[in-house]
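Visitor: Could you take me through this structure one element at a time, with the reasoning behind each answer? I would like to begin with the strands.

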Amino acid sequence: MKYIKFFRELAIKDIPLVGGKNASLGEMVQSLSKKINIPDGFAVTAQGYEYFLEKAGINDEIRRQLLGLDYRAKNLDVAVRSSATAEDLPDASFAGQQESYLNIIGENAVMEAVKKCMASLFTDRAISYRVDKGFSRKKVALSVGVQKMVRSDTACAGVMFTLDTESGFRDVVLINGSWGLGELVVKGKVSPDEYYVFKPLSGAMYCPRKKFCSLPHGAWP
């Protein structure tokens, strides 16, 4: 259990340990689990990632492969989902740069998916993004979150931001949602419904399609 932390043990201060996504999940479990039903789970820490590279004996090979690499010449486009320690910074997001694996069943399949997530830190897209943002390989580590699946394939899912992502305006909540898995929204495979919630009113939802929804007072931040 040395390299595993359950979400209930994590908080936003643990970003260096488990990355932005898993630290945020831990914060939600600690702060909101009595009000919101949050699927339980755990994180394989960034130290676990470093241990994996060391014990697999591939650090030198990774370094050799990256030397002189012309990252602009690559044409592969891999959508990635993990919890990088450099995620959600003011000048670099890293969100969507690592791989995501859904509906994994069985211990062996989970172990394989964890290794693939760690390996995805070295895809063409991830390398290119780090180079463009001026991050060296050693500055970015990776945590992997393992969480119970929600049957959003039979309902809807999406992404919520607590500010306007284009202007930085903090008095709104921006929601993108669609029927099915949230992965469809994150990877841009569908055109999602988009909603703005004006926080000071805590009850008015604006949809760009010119529709308003009435919500109970206090239902939104």
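Visitor: Which residue stands opposite S178 of β6?

Guide: In this predicted model, strand β5, residues 156-161, pairs with β6 in the antiparallel sense, and six bridges join the two. Within that pairing, the residue that stands opposite S178 is A157.

Visitor: Is S178 buried or exposed?

Guide: S178 is found in strand β6, and, leaving aside residues up to four places away in sequence, it touches C156, A157, V185, V190 and P192. Buried means a relative accessible area under 20%. S178 has a relative accessible area of 16%, and therefore it counts as buried.

Visitor: What is the relative accessibility of G177, and which class does that give?

Guide: G177 also has its place in strand β6, where it touches A157, G158, V185, P192 and D193, again not counting residues up to four places away in sequence. The C-alpha atoms of G177 and M160 are separated by 8.4 Å, although these residues are 17 residues apart along the chain. Because the cut-off for buried is under 20%, the value for G177 places it in that class: 18%, buried.

Visitor: How many residues of β6 are buried?

Guide: Strand β6 covers residues 172-179, and it pairs with β5 as well as with β7, residues 193-198, to which six bridges join it in an antiparallel arrangement. In the pairing with β7, L174 stands opposite Y196. The strand is mostly covered, and the number of its eight residues that are buried is seven.

Visitor: At which residue does helix α1 bend?

Guide: Helix α1 runs over residues 15-32, and a straight helix of its 18 residues would reach 26 Å at 1.5 Å a residue, whereas its end C-alpha atoms are only 19 Å apart. A bend of about 85° is found in this helix. Its buried residues include G19, G20, N22 and A23, and the residue at which α1 bends is K21.

Visitor: Which residues touch the most other members of the largest nonpolar core?

Guide: This core has 15 residues, and α2 (46-56), α4 (107-119) and β4 (142-147) each supply at least two of them. Apart from it lies another core, of nine residues, among them F7, V18, L25 and I38; V18 and L25 are also listed among the buried residues of α1. In the largest core, the residues that touch the most other members are Y49, V114, M118, L121, L142 and V144.

Visitor: What does L121 touch, if residues up to four places away in sequence are not counted?

Guide: L121 is one of the residues that touch the most other members of the largest nonpolar core. With residues up to four places away in sequence left out, its contacts are Y49, Q98, A126, I127, R130, V140 and L142.

Visitor: Are the rings of F6 and F42 stacked or edge-to-face?

Guide: The structure holds two aromatic pairs, and one of them is formed by F6 and F42, with 6.0 Å centre to centre. This pair links distant parts of the chain, since F6 is in strand β1 (residues 4-6) and F42 in strand β2 (residues 41-44), 36 residues apart. F6 is partly exposed, with a relative accessible area of 25%, and F42 is partly exposed at 23%. Planes over 60 degrees apart count as edge-to-face, and the angle between these planes is 65°, which makes the pair edge-to-face.

Key:
Residues are numbered from 1 along each chain as its sequence is written. This is a predicted model: local features need pLDDT of at least 70, side-chain atom pairs count only at pLDDT 80 or more; totals for chains, interfaces and linings use all residues. Side-chain values use heavy atoms; hydrogens and water are left out. Helices (H or I, at least four residues) and strands (E, at least two) are DSSP runs, numbered from the N terminus. The expected span of a helix is 1.5 Å times one less than its number of residues. The bend at a residue is the angle between axes fitted to the seven residues ending there and the seven starting there. Buried means under 20% relative accessible area, exposed over 50%, partly exposed in between (1.4 Å probe, protein chains only). Two strands pair if DSSP finds at least two bridges between them. Contact means heavy atoms within 4.5 Å. A nonpolar core is a set of buried Ala, Val, Leu, Ile, Met, Phe, Trp, Tyr and Cys residues joined through side-chain atoms within 4.5 Å. Rings of Phe, Tyr and Trp (its six-membered ring) pair if their centres lie within 6.5 Å; planes under 30 degrees apart count as stacked, over 60 as edge-to-face and the rest as tilted.
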